[in-house]
Amino acid sequence: FISSEQWALVMEKVLDLHDVDWKEIQPRVAPTIQPNLDKIDWRAWLIETSTDILKALSDSDRMRRAIDHSDKILAIFEFLDFDKSGLVEKAEFLAGGRILNR
């Protein structure tokens, strides 16, 4: 178990979001195991949060279509990445557009 103070510090450091008041949102995001007991079951919270994120991604129609067409998306990316750097720069994107519009 960790305290709400420890949870807030970890969230701030890991997510690099220093302007968020993690202590204020903690009760809604990562509730303690019992009211008036400052202990968060971080393992259970992490599993639940991960499950929620994965469920949201798998439920997303847009994400499902992207996964279904990932081989086509990768082929387009590889076509646009002229210098094979692993990045599609603006100039490469524009050049690819000009080639496709011929």
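Guide: Let's fix our words: a residue is buried under 20% relative accessible area, exposed over 50%, and partly exposed in between, using a 1.4 Å probe and protein chains only. This is a predicted model, where local features need pLDDT of at least 70, side-chain atom pairs count only at pLDDT 80 or more, and totals for chains, interfaces and linings use all residues. Residues are numbered from 1 along each chain as its sequence is written, and side-chain values use heavy atoms, leaving out hydrogens and water.

Visitor: OK, why is leucine 46 called partly exposed?

Guide: Its relative accessible area is 42%, which falls between the 20% and 50% limits, so partly exposed is the right label. Leucine 46 sits in helix 3; helices here are DSSP runs (H or I, at least four residues; strands are E, at least two), numbered from the N terminus. Its C-alpha is 9.2 Å from that of alanine 30, 16 residues apart in sequence.

Visitor: Alanine 30 belongs to the largest nonpolar core. What makes a set of residues a core?

Guide: They must be buried Ala, Val, Leu, Ile, Met, Phe, Trp, Tyr or Cys, joined through side-chain atoms within 4.5 Å. Here that gives eight residues: Ile2, Trp7, Ala8, Met11, Trp22, Ala30, Ile40 and Trp45. Helix 1 (residues 4-15) supplies three of them, the largest share. In general, nonpolar side chains tend to be buried together in soluble globular proteins.

Visitor: Which label do tryptophan 7 and tryptophan 45 earn, and why?

Guide: Tryptophan 7 has a relative accessible area of 2%, so it is buried. Tryptophan 45 is at 16%, so it is buried as well.

Visitor: What does tryptophan 22 touch?

Guide: Leaving aside residues up to four places away in sequence, it touches Trp7, Ala8, Met11, Glu12, Leu15 and Leu17. Contact here means heavy atoms within 4.5 Å.

Visitor: How many aromatic pairs turn up in the whole structure?

Guide: Three. One of them joins tryptophan 7 and tryptophan 45, with ring centres 5.7 Å apart and planes at 85 degrees. That pair bridges distant parts of the chain, from helix 1 to helix 3 (residues 42-59), 38 residues apart.

Visitor: Why is that pair called edge-to-face?

Guide: Rings of Phe, Tyr and Trp (its six-membered ring) pair if their centres lie within 6.5 Å; planes under 30 degrees apart are stacked, over 60 edge-to-face, the rest tilted. At 5.7 Å and 85 degrees, the two tryptophans meet both conditions, so edge-to-face it is. Ring pairs also tie Trp7, Trp22 and Trp45 into a cluster.

Visitor: What makes glutamate 5 and lysine 23 a salt bridge?

Guide: The rule asks for a side-chain nitrogen of Lys or Arg within 4 Å of a carboxyl oxygen of Asp or Glu. Their N to O distance is 3.2 Å, so the pair qualifies. It links glutamate 5 in helix 1 to lysine 23 in helix 2 (residues 22-29), 18 residues apart. The count by this rule is one salt bridge. Glutamate 5 is partly exposed, at 37%.

Visitor: Which residues form the nonpolar patch on the surface, and what makes it a patch?

Guide: Leu74, Phe77, Val88, Phe93 and Leu94, with about 430 Å² of accessible area together. Patch residues have over 30% relative accessible area and no salt bridge; like charges are joined within 9 Å, nonpolar side chains (Val, Leu, Ile, Met, Phe, Trp, Tyr) within 5 Å. Areas come from the Shrake-Rupley method with a 1.4 Å probe, and for residues, only the protein chains shown count as cover. Valine 88 has 31% relative accessibility, so it clears the 30% limit. Valine 88 lies in the loop between helix 5 and helix 6, while helix 5 (70-80) and helix 6 (90-100) each supply at least two patch residues.

Visitor: What stands out about phi at aspartate 16 and lysine 84?

Guide: Most residues other than glycine have a negative phi. Yet aspartate 16 has a positive phi of about 55 degrees, and lysine 84 also shows a positive phi of about 55 degrees. Aspartate 16 is in the loop between helix 1 and helix 2; lysine 84 is in the loop between helix 5 and helix 6.

Visitor: Why are aspartate 16 and lysine 84 given their accessibility labels?

Guide: Aspartate 16 is at 52%, so it counts as exposed. Lysine 84, at 59%, is exposed too.
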